[in-house]
Each structure stands twice: as C-alpha cells, then as structure tokens.
Amino acid sequence: MAKAGEKSAGVGRRGSKRKAAAEEPGEAAAASDGAAEGGAQPRRAAAFPPGFSISEIKNKQRRHLMFTRWKQQQRKEKLAAKKKLKKEREALGDKAPPKPVPKTIDNQRVFDETTVDPTDEEVAYDEATDEFASYFNRQTSPKILITTSDRPHGRTVRLCEQLSTVIPDSHVYYRRGLALKKIIPQCIARDFTDLIVINEDRKTPNGLILSHLPNGPTAHFKMSSVRLRKEIKRRGKDPTEHVPEIILNNFTTRLGHSIGRMFASLFPHNPQFIGRQVATFHNQRDYIFFRFHRYIFKSEKKVGIQELGPRFTLKLRSLQKGTFDSKYGEYEWVHKPREMDTSRRKFHL
C-alpha cells in the first residue's frame, strides 16, 4: 500500500508540475487568471520587453496566444494614437496641418522619361501621322471582327458573343482551322478596321490579340480574371444597342498612349448618352482592367453604377509593328520579366 501511495503521490507531483507550467504566464506577458481574495483581479494588458521575439517561444499554442495578444496591443495603440490626433485636429480647427498623403506603390512610382506631355509638339506630330490618325480625324468608322483560337469551348464562345454586344459594329466568326495570316487579308478586303482574337487554355480564355488593320500595330495581351455576365453578382439587365462612352484611365507613357489609342479606335466617335452605358479601360500597375457599366440617376445629386459585364484583366506581353506575323514581325516592345521587373515601382504603361 505504501508503494502504491508513493506512486500516486509521484503522479500527483508530476501533474501539479505540468499544471503549473501550463498556467505560467511566460516572460512575454503577466496575466492573472484566477480570483484573488476580495474579488476577481482585472486582466492586465500584455507588456512585451523591447528585445522580445515571439518566434523564440517553442510551444506552438503559447506562441499563437502571445502573437494574438501582441496584435491586440498593436491595434489598441494605433486606435489610441488616431483618437488623440483627431482631438488635436478638432482643437486646432482651421489651423490644423493638412493630412499626410499615404505612401502607395502608385504615388511612389519611378519617373519614366517617356511620360507623355500633351503640349509636346513631337507627340502631337506622332498622333497626326500614326496608324490611328484616320480614325481620330473621323475619316474611317470602326468595324471589328472577333474570332477565337481553333476549336473553342463554350466559355470562350460566350465571351466573344458578349464582347460583340459591348463593341458596336462587331461581328463574331469562327476560325474553322484558318491561320491568322490568311484571315487578315480577308478582313482587309471586307473593310474591317480591327481584328480581335481570343485564345484559350484548358477551356479558359487566357490571351487576347488585337491587330489594327490594315497597317498594324498588333498587341498581344495575357487575359485573366474573366467573368461572364451570369457570374457577376447584382448585375444589371443586358446592354442595349446604344453606342457606349469610353473611359481610358492612367495611360501616361508613350507605350501606354499607343495602347490607349488602340482601345479607343474600337468604338465610334459619337456615343449615345441616352443609353447611359460606359466601357472603361483602367490601367493600374501595368494591369488593364476592363469593366462595362450602366449609370443610374437616383436623384439630382446622386448617381449609381450598375455593372453589366463581362469583365476581365489584361497584361501587355508585346507590341508588334504591322499586322500579325510571329516569324518575321518586327517588335516595338516585348515584356522581359527578368530585365524589366527589377523594381516594384517601375511601370511601363
């Protein structure tokens, strides 16, 4: 019986040690969990020493707990500083200093020497003599041919059909195994001004080729984040046949200016404002976001927008002079990730 008692006592001592170790607050924070004489003691905030590192804690559960407390402490300090600054600004009134502009990748962008100045005579001369001059001088009206890669699947076909409802005077034709070099002369003979080819991989659209006819240029884009109309939540009714407005945002460099003019030449000059439809090409960090909306007048001062779809994102891969020619074509610009993507603050469009 003595041995059994000694064994049970040993187990009790080991259990008490484990319990004490589990309840030990550690060197990072001291928090009382039990009730003292005279009532429960309030839980103290986590206090971390200056050289403390949470990664030094070997116990995973304890490390996660201390990290959670540290995040709560950081959040409380940030909120307190924000409240203090707000009270100081209210006390100063009109004499309060202006709010600091937050630093972002966009406003910290590396300056590009090719940034377009609207008053530059060289830029004005290039615009008057480039391939899109006849469109901007209203000598030609756009007529678009939309096609796909060979043997397209349903998702790619539906995207082409929905694009044809966004771009006026656009026609969808299937490839039927024809090479692009044979399609382009037929397009020129039938007075098409632009050719759009949507490529796919594993039944998903993943590329877009835009070729301006008859003399180019040709742009090749990577396509991602494709959403058809049925996949967009809270979308509006199908678009009408009215000619939409077009918005081009943030195409500031010479290369971006050329890409923006390519997109602009897809739409007629005279938008029908009664349709309240707008197509947007928004460039941000060299990603071009396409959206198609209808704006709704809620009152004399409030206006809302309603997305109609489709939507997708484009990333420029290359810009080629002339029409499509993968073998002998002369490239004006090619994206080379290892050479060009050396800085996150360097953009090309």
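Buried means under 20% relative accessible area. Keep that cut-off at hand for the exercises below, and remember as you work that this is a predicted model.

## Exercise 1: Helix H7

**Task.** Which residues of helix H7 are buried?

**Solution.**
- Start by finding the helix: H7 spans residues 254–264.
- Next, apply the cut-off of under 20%. The residues of H7 that pass are Leu255, Gly256, Ile259, Gly260, Arg261, Met262, Phe263 and Ala264.
- Finally, set this against the length of the helix. With 8 of its 11 residues buried, H7 is mostly covered.

## Exercise 2: Strand S9 and its partners

**Task.** Trace the pairing of strand S9 with strands S8 and S10, giving the sense of each pairing and the number of bridges.

**Solution.**
- Locate S9 at residues 277–284, and note that 6 of its 8 residues are buried.
- Look to S8, residues 245–249: this strand pairs with S9 in the parallel sense over 5 bridges. As a marker, Ile246 has Ala279 in S9 as its bridge partner.
- Now turn to S10, residues 287–297, which runs antiparallel to S9 and is joined to it by 8 bridges. Here His282 is matched with Phe289 in S10.
- Look at the connection too. S9 and S10 form a hairpin with 2 residues between them, and Arg285 in the turn has a positive phi of about 60 degrees.

## Exercise 3: Onward from S10

**Task.** Follow strand S10 to S11 and S12, and find a residue pair that marks each pairing.

**Solution.**
- Take S11 (residues 303–307): 5 bridges join this strand to S10, and the two run antiparallel. Tyr295 stands opposite Ile305 in S11.
- The link between S10 and S11 is a hairpin through 5 residues.
- Then take S12, which is antiparallel to S10 and joined to it by 4 bridges. Phe289 stands opposite Thr313 in S12. You have met Phe289 already, as the bridge partner of His282.

## Exercise 4: Two polar side chains, Asn283 and Ser211

**Task.** Are Asn283 and Ser211 buried or exposed, and what polar contact does the side chain of each make?

**Solution.**
- Asn283 lies in strand S9. Its relative accessibility is 2%, so Asn283 counts as buried.
- A polar atom of the Asn283 side chain lies 3.4 Å from the backbone nitrogen of Asp286.
- Beyond its neighbours within four places in sequence, Asn283 is in contact with Asn249, Asn250, Phe251, Ile288 and Leu349.
- Ser211 is found in strand S6. Its relative accessible area is 1%, so Ser211 is buried as well.
- The side chains of Ser211 and Thr218 are joined by a polar contact of 3.0 Å.
- Setting aside residues up to four places away in sequence, Ser211 also touches several others, including Thr193, Asp194, Leu195 and Phe324.

## Exercise 5: The cavities

**Task.** How many cavities of 30 Å³ or more does the structure hold, and which classes of residue line the two largest?

**Solution.**
- The count is 2.
- About 110 Å³ of space lies in the largest cavity. It has 13 lining residues, and those closest to its centre are Ile167, Ile196, Leu266, Phe281 and Phe312.
- Helix H5, strand S6 and strand S12 each give two or more residues to this lining.
- Sorted by class, the lining of the largest cavity has 13 nonpolar residues, with no polar and no charged ones.
- The second largest cavity has a volume of about 60 Å³. Among the residues that line this cavity are Leu255, Asp286, Lys315, Trp333 and His348.
- By class, the second lining has 4 nonpolar, 2 polar and 2 charged residues.
- Two of these names link back to earlier exercises: Leu255 is one of the buried residues of H7, and the backbone nitrogen of Asp286 lies 3.4 Å from the polar atom of Asn283.

## Exercise 6: Arg138

**Task.** Where does Arg138 lie, and is Arg138 buried or exposed?

**Solution.**
- Arg138 sits in the loop between helix H4 (133–136) and strand S3 (144–148).
- Its relative accessible area is 59%, so Arg138 is exposed.
- To finish, compare sequence with space: Arg138 and His269 are 131 residues apart in sequence, and their C-alpha atoms are 7.7 Å apart.

Notes. Residues are numbered from 1 along each chain as its sequence is written. This is a predicted model: local features need pLDDT of at least 70, side-chain atom pairs count only at pLDDT 80 or more; totals for chains, interfaces and linings use all residues. Side-chain values use heavy atoms; hydrogens and water are left out. On a 1 Å grid over the protein atoms alone, a cavity is a set of points where a 1.4 Å probe fits but cannot get out, and a pocket is an open set with protein on both sides within 12 Å along at least five of seven lines; lining residues have an atom within 4 Å of a point. Grid points are joined across faces, edges and corners, and a volume is the space filled by probe spheres set on the points. Ala, Val, Leu, Ile, Met, Phe, Trp, Tyr, Cys and Pro count as nonpolar, Asp, Glu, Lys and Arg as charged, and the others, Gly among them, as polar. Buried means under 20% relative accessible area, exposed over 50%, partly exposed in between (1.4 Å probe, protein chains only). A polar contact is a pair of N or O atoms within 3.5 Å; within protein, one must be able to donate a hydrogen and the other to accept it, and residues adjacent in sequence count only if both atoms are side-chain atoms. Contact means heavy atoms within 4.5 Å. Two strands pair if DSSP finds at least two bridges between them.
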